[in-house]
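Here are my notes for you on this one, written as numbered points. Keep the structure open beside you and find each residue as we get to it.

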Amino acid sequence: MLPDRTEYPCQMINMSPGGFAALAPVAGDVGVRIVAYFDELGRLEGEIVRHFTNGFAVRLAVTQRKRDKLAEQLTWITNRQALGIPDDRRHERYVPRTAASTLTLVSGMTIACRVDDVSVSGAAVSAAVRPDLGARVTLGTIAGRVVRHLGERAFAVEFSRIQHPAALADQFGIEL
């Protein structure tokens, strides 16, 4: 996604914790900040640093903590593929087109949040407030509880019941 919020498909061709290269039908100007969503990595932000035939390279704008997490994720993905290890997630995850949502706590307090990815059984969420483990919450209109802390402001919500994929498509704009 470019700064004017236009979106284009792209295909990552290589990546390190500091950046990535992608093939795309459109490349923004060098120096432009972009947001990209990748299936197993979620939302990444960075700056276009160079162009090449049919693509561009991005330097990621991430904290050291996020860079370390990316290194771990990339190592896992590489090892999983090399060793033929299946993904241990119960349900396929989707990156929502509508990432902005709300999180309602038991107290009734509503917090703006971003849904990083979602499946029929839960979601990875980022917000200014990170609820305690086990806290009952409502993500948009879906009840659940916090089951894992993923970072300083990120956490996983397990839904109280399996959701119908069409309901997730309506609420989060995912493509099934």
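1. Let's begin with salt bridges: this is a predicted model, and it holds four of them. Glu-45 and Arg-33 make one, with their closest N and O atoms 3.5 Å apart. Glu-45 sits in strand E4 and Arg-33 in strand E3, so this pair ties together parts that are 12 residues apart in sequence. Are the two partners buried or exposed? Neither label fits: Glu-45 is partly exposed at 28% relative accessibility, and Arg-33 is partly exposed too, at 43%.

2. Another salt bridge joins the side chains of Arg-145 and Glu-158, at 3.2 Å from N to O. This pair links distant parts of the chain, since Arg-145 belongs to strand E10 and Glu-158 to strand E11 (residues 154-159), 13 residues apart. Arg-145 has 33% relative accessibility and counts as partly exposed. Glu-158 also counts as partly exposed, at 25%.

3. Now have a look at Asp-116, whose side chain meets that of Arg-114 in a salt bridge of 2.7 Å, N to O. Arg-114 is partly exposed at 30% relative accessibility. Asp-116 has a relative accessible area of 14%, and the cut-off for buried is under 20%, so Asp-116 counts as buried.

4. Which other side chain does Asp-116 touch through a polar contact? That would be Ser-126, at 2.7 Å. Ser-126 lies in strand E8 and is buried, with 14% relative accessibility. If you skip its neighbours within four places in sequence, Ser-126 is in contact with Cys-113, Arg-114, Asp-116, Arg-153 and Ala-154. So both partners of the salt bridge in point 3 turn up in the contact list of Ser-126.

5. Next, go to the open sheet of five strands. Reading across it, the order is E1-E2-E5-E4-E3, and the pairing is antiparallel. Which strands are at the edges? They are E1 (11-16) and E3 (33-38), each of which pairs on one side only. On average, neighbouring strands of this sheet are turned by 35° against each other, ignoring direction.

6. Inside that sheet, try following E4 (residues 42-52) and E5 (residues 55-60). These two strands pair in the antiparallel sense over six bridges. For a pair to find on screen, take Ile-48, whose bridge partner in E5 is Val-58. Val-58 comes back in point 10, as one of the residues of a core.

7. Strand E9 (residues 136-139) is a nice one for learning about alternation. Which of its side chains are buried? Val-137 and Leu-139 are, and they point to one face. Arg-136 and Thr-138 point to the other face and are not buried.

8. What does E9 pair with? E6 (residues 100-105) pairs with E9 in the antiparallel sense over three bridges, and E10 (residues 142-149) runs antiparallel to E9 with four bridges joining them. Thr-138 is a handy residue for seeing both pairings: Thr-104 stands opposite Thr-138, and Ala-143 is the bridge partner of Thr-138 in E10. E9 and E10 form a hairpin with two residues between them, and Gly-140 in the turn has a positive phi of about 65°.

9. Time for the nonpolar cores. In soluble globular proteins, nonpolar side chains tend to be buried together. The largest core here has 21 residues, and Val-118, Leu-139, Phe-159, Leu-168 and Phe-172 have the most contacts inside it. E6, E7 (110-118), E8 (122-127), E9, E10, E11 and helix H2 (165-172) each supply at least two residues of this core. Which of them gives the most? E7 does, with four residues.

10. Finally, pick out Phe-159 and see what surrounds it. Leaving aside neighbours within four places in sequence, the contacts of Phe-159 include Val-118, Gly-122, Leu-139, Ala-143 and Leu-168. There is also a second, separate core of 19 residues, which includes Leu-2, Leu-41, Val-58 and Ile-77.

Notes:
Residues are numbered from 1 along each chain as its sequence is written. This is a predicted model: local features need pLDDT of at least 70, side-chain atom pairs count only at pLDDT 80 or more; totals for chains, interfaces and linings use all residues. Side-chain values use heavy atoms; hydrogens and water are left out. Buried means under 20% relative accessible area, exposed over 50%, partly exposed in between (1.4 Å probe, protein chains only). Two strands pair if DSSP finds at least two bridges between them. Axes are lines fitted to C-alpha atoms, for helices over the stretch in contact, and angles run from 0 to 180 degrees between N-to-C directions. A salt bridge is a side-chain nitrogen of Lys or Arg within 4 Å of a carboxyl oxygen of Asp or Glu. A nonpolar core is a set of buried Ala, Val, Leu, Ile, Met, Phe, Trp, Tyr and Cys residues joined through side-chain atoms within 4.5 Å. Contact means heavy atoms within 4.5 Å. A polar contact is a pair of N or O atoms within 3.5 Å; within protein, one must be able to donate a hydrogen and the other to accept it, and residues adjacent in sequence count only if both atoms are side-chain atoms.
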